[in-house]
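Reader: Before I take the labels on this model into the laboratory, I would like to hear what stands behind each of them. Could you take me through the reasoning step by step?

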Amino acid sequence: SSGINAEYGGGLHGKLYAQALFMIFEQLFGKVVSVKIDTDDYNYPTGSGSITFRSIGSYKKAIEANYIVVKTSAFGSKSIEIQHFMEDKPCCMCKNVTGKKFCKTECYEYFCDVCWRHHHRSFATTHLSVTRNHKNKNSDHLL
């Protein structure tokens, strides 16, 4: 599916299903393509997952919000952190290696270390990167 991905986490309650998250994120930030809930080896929700937004505008709103609070009668209030979801994508400039840095401020592209330094020399204080720190987990998909 096309779109731009964010990930969420923060002790997501096991009774909060992908369909409910889909509706919540879509109402708050705009069109959603899919929601995935990460699960462990026993298919039990781990409390985190990812969401794919249809547009960069919806993605930006979610990333800028940084977190949401979900309140239900079933389990009270839960704070959910939202951040960029790192994918295995090639550097947008050299295309030779995997982009380990993602510019989450203006470019919204993946860069290798060398191309990041070259491209962001004059933007050093205004462009912020997210760096890969873990691989994708098992996921329960809702498309």
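Author: The questions below go from the whole chain to a helix, then to the strands and the cores. Please keep in mind throughout that this is a predicted model.

Reader: What makes up the chain as a whole, and which pattern does the chain follow along the sequence?

Author: The chain has three helices and nine strands, and read along the sequence these follow the pattern β-α-β-β-α-β-β-β-β-α-β-β. Buried residues make up 38% of the 143 residues in the chain, where buried stands for a relative accessible area under 20%.

Reader: Why are the buried residues of H2 said to line one face of the helix?

Author: In helix H2, residues 56–65, the buried residues are Ser 58, Tyr 59, Ala 62 and Ile 63. Seen down the axis of H2, these buried residues fall within an arc of 130°, and therefore they line one face of the helix. In general, an α-helix has 3.6 residues a turn, so residues three or four places apart point the same way.

Reader: How do you know that E4 and E5 are paired strands?

Author: Two strands count as paired if there are at least two bridges between them, and six bridges join strand E4 (residues 67–72) to strand E5 (residues 76–84), so the pair meets that requirement, in the antiparallel sense. Ile 68, for instance, has Ile 80 in E5 as its bridge partner, and a hairpin of three residues joins E4 to E5.

Reader: What makes E7 and E8 the edges of their sheet?

Author: The open sheet has three strands in the order E7-E6-E8, with antiparallel pairing. Strand E7 (110–111) and strand E8 (129–131) each have a single partner strand, so one side of each is left without a neighbour in the sheet. Strand E6 (residues 101–103) pairs with E7 over two bridges, and the definition asks for at least two, so this pairing qualifies. Phe 111 in E7 is the bridge partner of Lys 101.

Reader: Why is Phe 25 singled out in the largest nonpolar core, and what does Phe 25 touch?

Author: The largest nonpolar core has 28 residues, and Phe 25 is listed with Leu 21 and Phe 53 as those with the most contacts inside it. H1 gives the most to this core, with five residues. Leaving aside neighbours within four places in sequence, the contacts of Phe 25 include Tyr 8, Val 32, Ile 51, Phe 53 and Ile 68. A second, separate core of six residues includes Cys 103, Phe 111, Cys 115 and Trp 116.

Key:
Residues are numbered from 1 along each chain as its sequence is written. This is a predicted model: local features need pLDDT of at least 70, side-chain atom pairs count only at pLDDT 80 or more; totals for chains, interfaces and linings use all residues. Side-chain values use heavy atoms; hydrogens and water are left out. Buried means under 20% relative accessible area, exposed over 50%, partly exposed in between (1.4 Å probe, protein chains only). Helices (H or I, at least four residues) and strands (E, at least two) are DSSP runs, numbered from the N terminus. The arc is that of the directions from the helix axis to the C-beta atoms. A nonpolar core is a set of buried Ala, Val, Leu, Ile, Met, Phe, Trp, Tyr and Cys residues joined through side-chain atoms within 4.5 Å. Contact means heavy atoms within 4.5 Å.
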